[in-house]
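The following exercises are to be worked through with the sequence and the coordinates at hand. Each task is followed by a solution in steps.

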Amino acid sequence: MKNFYRLLLITILLAAPSIILAQTAKDTLASKLTLEQCIDFALRNQPAVRQANIDEEINEKDIRISLADWLPQVNSTGSFQHYLQRFNAFAASTGGGTSAGGAGAGTGTGGTGGTGGTGNGTGVGAGGGAVGGQQLAIANNVSNLGLSASQVIYNNDVLQASKASKFSRQYYKQNTQSAKIDVVSNVSKAFYDLLLSQRQLDIINQDIARLQRNLKDANARYQAGVVDKIDAKQATIGLNNSLATRKQLQESVNSRTAYLKQLMGYTPQRPLTVTYDSVRLERETLIDTNQVLNVNNRIEYSLLETQKNLNNVRVSYYKYGFLPSLSAVGSYNLLYFNSSLSGLYKDAFPTSLVGLNIAIPIFQGTKRLQNLSKARLQVKRTDLDLENTRNAINTEFTQAIANYKSNYTNYNTLRQNVELAKDVYNIVSLQYREGIKTYLDLIVAQTDLRTASLNYYNALFQLLSSKVDVQRALGTLPVR
């Protein structure tokens with residue numbers, strides 16, 4: 001017993017680090033997340049991606065089901081009949097075995113034919129066949145046990161399944177890739193929108209802190225008799241407006257956090273806090289705008305090409321639908337006859353066969369020709385889809401590049417405005433305290449600083465979102 005407790009203690013000590021690490025990983029996930037961590041989590045947990053993975057598995061099962069027809073098909077059968085009434089056709093028979101169908105079986109044996117010999121299903125046995133036939137005719141219990149097998153040699157259906165399996169797998173893998181691209185694009189944009197709201201909230205909080213300080217200074221100057229009460233009232237108006245704006249931004253942060261959780265497949269009740277590196281974000285705004293568009297990189301175009309290949313397989317299926325189906329067959333059967341139920345399975349009469357089955361479609365009411373014509377029209381329609389998709393992708397790329405260039409110019413301009421607004425506000429604030437500038441000048445400078453900061457971050461995250469659009473239009477959006 002002492003050794004047992006010692007072994008248990010050792011096991012707990014060995015398992016403790018892994019438990020702690022698992023808990024640490026879980027806690028890390030619940031803390032601040034970067035964009036990469038959000039995307040990785042979404043690719044593992046987003047329902048659309050998980051559904052696409054399940055669709056791949058379902059398609060794989062469908063392929064195996066279709067290809068299973070190439071394998072031998074083995075079946076067993078069994079039957080038992082007890083006749084309440086029989087037409088004794090063998091009672092007057094003198095030939096015996098060949099008329100054994102009266103017992104409900106194709107071949108029959110009369111068992112022991114008395115002194116004349118043994119009667120069998122082919123009527124062999126002189127004299128005793130009549131007795132055997134009569135004995136079979138009065139057998140009210142009949143049973144059959146059989147085993148049959150077939151092997152497809154050629155069949156148009158299974159041949160089509162073999163040809164289509166490659167493109168079917170490719171299609172569902174591309175469909176999964178398409179779902180992942182959607183997730184990466186949507187999560188990235190939602191992440192940037194959330195950061196924008198957070199930065200706007202930070203700017204408003206800074207503005208509120210400045211307004212509160214201004215209100216305090218205005219009241220002090222009023223109490224000192226330096227200025228009238230208008231400065232304090234103007235400061236109060238500005239402070240109230242900023243407080244109302246802060247409430248709106250707080251609700252916007254909550255709303256955009258919930259939307260990001262939805263896109264990530266994140267539990268709504270769990271807290272989610274995002275973080276970012278502003279210097280890194282500014283570096284990531286750059287992209288080569290001289291890249292040449294290649295529609296083959298777009299997953300939408302690849303999906304249509306795969307769909308066209310599947311349609312061509314369908315054309316081939318109907319085109320060769322006139323060919324016969326050929327399969328090898330074999331069976332082994334045991335027949336049992338007896339008037340006594342207890343002795344039914346005492347004697348067995350086996351039959352066996354091997355052979356070939358061939359099925360030739362001669363006329364199907366023009367169904368095959370109509371299906372062939374329909375399949376060819378579907379191929380033509382897919383060609384038009386490809387053409388339309390090429391045009392749409394080209395337009396999407398042109399618009400994405402135009403938006404990116406416009407946002408990039410706007411971003412560079414507004415970044416300079418922030419630095420200028422900061423310098424102006426610092427100078428005017430100092431001059432106001434020295435009594436050189438009026439409070440109106442201070443309000444204007446503070447408003448310019450707030451507007452410049454808001455516009456800058458709005459331009460920054462718009463630029464990052466437009467970069468995602470360009471990467472998606474090029475088909476180069478990184479998917480982990």
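**Exercise 1. Classify Thr-306 as buried or exposed, and describe its surroundings.**

Solution. The model is a predicted one.
Step 1. The relative accessibility of Thr-306 is 2%. Buried means under 20%, so Thr-306 counts as buried.
Step 2. Thr-306 belongs to helix α8, which spans residues 299-319.
Step 3. With neighbours within four places in sequence left aside, Thr-306 is in contact with Phe-167, Gln-170, Tyr-171 and Gln-174.

**Exercise 2. Carry out the corresponding analysis for Thr-389: is this residue buried or exposed?**

Solution.
Step 1. Thr-389 has a relative accessibility of 16% and therefore counts as buried.
Step 2. Helix α9 is the element in which Thr-389 lies.
Step 3. Outside the four-place sequence window, Thr-389 is in contact with Tyr-301 and Leu-304.

**Exercise 3. State how many helices and strands the protein chain has, and characterise its burial, its contacts and its accessible surface.**

Solution.
Step 1. The protein chain holds 10 helices and 8 strands.
Step 2. Of its 480 residues, 35% are buried.
Step 3. Among contacts between residues at least 6 apart in sequence, 82% join residues at least 24 apart.
Step 4. The chain exposes about 27800 Å², and carbon and sulfur atoms supply 55% of this area.

**Exercise 4. Describe the largest nonpolar core: which residues touch the most other members, and which elements contribute to it?**

Solution.
Step 1. As general background, nonpolar side chains tend to be buried together in soluble globular proteins.
Step 2. The largest nonpolar core has 69 residues, and those touching the most other members are Val-187, Phe-191, Tyr-192, Leu-260, Met-264 and Phe-461.
Step 3. Two or more residues of this core come from each of α2 (35-45), α3 (47-67), α5 (156-223), α6 (230-264), α9 (367-433) and α10 (439-474). The greatest contribution is that of α5, with 18 residues.
Step 4. Another core, of 6 residues, lies apart from the largest one; among its members are Tyr-317, Leu-372, Ala-375 and Val-379.
Step 5. For a local view of the largest core, take Leu-260, one of the residues listed in Step 2. Beyond four places in sequence, Leu-260 is in contact with Val-187, Ala-190, Phe-191, Leu-194, Leu-272 and Val-274.

**Exercise 5. Examine the salt bridges of Asp-217, Asp-385 and Arg-280, and state how exposed the partners are.**

Solution.
Step 1. The total count is 15 salt bridges. The criterion is a side-chain nitrogen of Lys or Arg within 4 Å of a carboxyl oxygen of Asp or Glu.
Step 2. Asp-217 pairs with Arg-433, with the closest N and O atoms 3.7 Å apart. This pair links distant parts of the chain, since Asp-217 is in helix α5 and Arg-433 in helix α9, 216 residues apart. Asp-217, at 23% relative accessibility, counts as partly exposed; Arg-433, at 40%, also counts as partly exposed.
Step 3. Asp-385 pairs with Arg-381, and here the closest N and O atoms are 3.4 Å apart. Both residues lie in helix α9, 4 residues apart, about one turn of the helix. Asp-385 counts as partly exposed at 27% relative accessibility, whereas Arg-381 counts as exposed at 55%.
Step 4. Arg-280 and Glu-284 meet through their side chains in a salt bridge of 2.9 Å, N to O. Arg-280 has a relative accessibility of 37% and counts as partly exposed; Glu-284, at 23%, counts as partly exposed as well.
Step 5. Arg-280 and Glu-284 are linked with Glu-36 in a network of salt bridges.

**Exercise 6. Identify which residues make the nonpolar surface patch of about 410 Å², and place Leu-145 within the fold.**

Solution.
Step 1. The patch is made by Phe-80, Leu-145, Leu-341 and Tyr-345.
Step 2. Leu-145 is found in strand β5, residues 141-154.
Step 3. The relative accessible area of Leu-145 is 38%, so this residue is partly exposed.

**Exercise 7. Set the annotation "coiled-coil region" beside the model: what is the secondary structure of the residues it covers?**

Solution.
Step 1. In the unreviewed UniProt entry, this annotation covers residues 194-221.
Step 2. Over residues 194-221 the model is 100% helix and 0% strand.
Step 3. The end C-alpha atoms of residues 194-221 are 40 Å apart.

Terms used:
Residues numbered from 1 in each chain as written. Predicted model: local features only at pLDDT ≥ 70, side-chain atom pairs only at ≥ 80, totals over all residues. Heavy atoms only, no water. Buried < 20%, exposed > 50% of the residue type's maximum accessible area, 1.4 Å probe, protein only. Contact = heavy atoms within 4.5 Å. Core = buried A, V, L, I, M, F, W, Y, C linked by side-chain atoms within 4.5 Å. Patch = residues over 30% accessible without salt bridge, like charges linked within 9 Å, V, L, I, M, F, W, Y side chains within 5 Å. Areas by Shrake-Rupley, 256 points an atom, 1.4 Å probe, with all protein chains shown as cover. UniProt positions renumbered as here; feature names shortened; annotations may be inferred.
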